[in-house]
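Grab a pencil and have a look at the model below. Two short exercises follow, each with a worked solution.

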Amino acid sequence: MYQSTNYNGKLNVSSKKIRELRIKNNLSLSRLSTKLALMGIDITKPSLHKLETGKRVLKDYELFALCHIFEVPVEELLDDFINQLKIEDVV
């Protein structure tokens with residue numbers, strides 16, 4: 001069985017930002033799941049919880065859809081990761 005690698009113990013680097021933006025936009029996990037479903041993206045409430053806790057991989061099309069819903073650029077969801085790479089002088 002294939003096991004995904006992780007970064008700092010998480011399967012995605014956007015978990016914290018996704019949760020922050022969901023709360024900032026007053027969206028429950030159920031409401032966010034519904035908005036994604038209207039875009040043709042099926043992410044259940046439990047799967048969204050796993051995304052927010054870093055226990056699920058975030059697919060590229062899901063990243064785009066979340067950015068569209070939250071009305072933010074992709075870079076905003078990747079901001080913490082990018083800043084960490086800058087601190088480590090990787091980029």
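Buried here means under 20% relative accessible area, exposed over 50%, and partly exposed in between. Keep in mind that this is a predicted model.

**Exercise 1.** Find the buried residues of helix H1 and work out how they are arranged around the helix.

*Solution.*
1. Start with the list: in H1, which spans residues 15–24, the buried residues are Ser15, Lys17, Ile18, Leu21 and Arg22.
2. Now look down the axis of H1: these buried residues fall within an arc of 165°, so they line one face of the helix.
3. A general rule helps here: an α-helix has 3.6 residues a turn, so residues three or four places apart point the same way.
4. Turn to the face directed away from the buried side, and you'll meet the exposed residues Lys16 and Lys24.
5. What covers the buried residues? The cover includes helices H2 (29–38), H3 (45–52), H4 (60–70) and H5 (74–87).
6. One last stop: just after H1, asparagine 26 has a positive phi of about 55°.

**Exercise 2.** Track down the aromatic pair and say how its rings are oriented.

*Solution.*
1. The structure has one such pair.
2. The ring centres of tyrosine 7 and phenylalanine 81 are 5.0 Å apart and the planes sit at 85°, so the pair is edge-to-face. The cut-off for that label is over 60 degrees.
3. Next, place the partners along the chain: tyrosine 7 is in the segment before H1 and phenylalanine 81 in helix H5, 74 residues apart, so the pair links distant parts of the chain.
4. Finally, check exposure: tyrosine 7 is partly exposed at 28% relative accessible area, and phenylalanine 81 also counts as partly exposed, at 25%.

Key. Residues are numbered from 1 along each chain as its sequence is written. This is a predicted model: local features need pLDDT of at least 70, side-chain atom pairs count only at pLDDT 80 or more; totals for chains, interfaces and linings use all residues. Side-chain values use heavy atoms; hydrogens and water are left out. Buried means under 20% relative accessible area, exposed over 50%, partly exposed in between (1.4 Å probe, protein chains only). Helices (H or I, at least four residues) and strands (E, at least two) are DSSP runs, numbered from the N terminus. The arc is that of the directions from the helix axis to the C-beta atoms. Contact means heavy atoms within 4.5 Å. Rings of Phe, Tyr and Trp (its six-membered ring) pair if their centres lie within 6.5 Å; planes under 30 degrees apart count as stacked, over 60 as edge-to-face and the rest as tilted.
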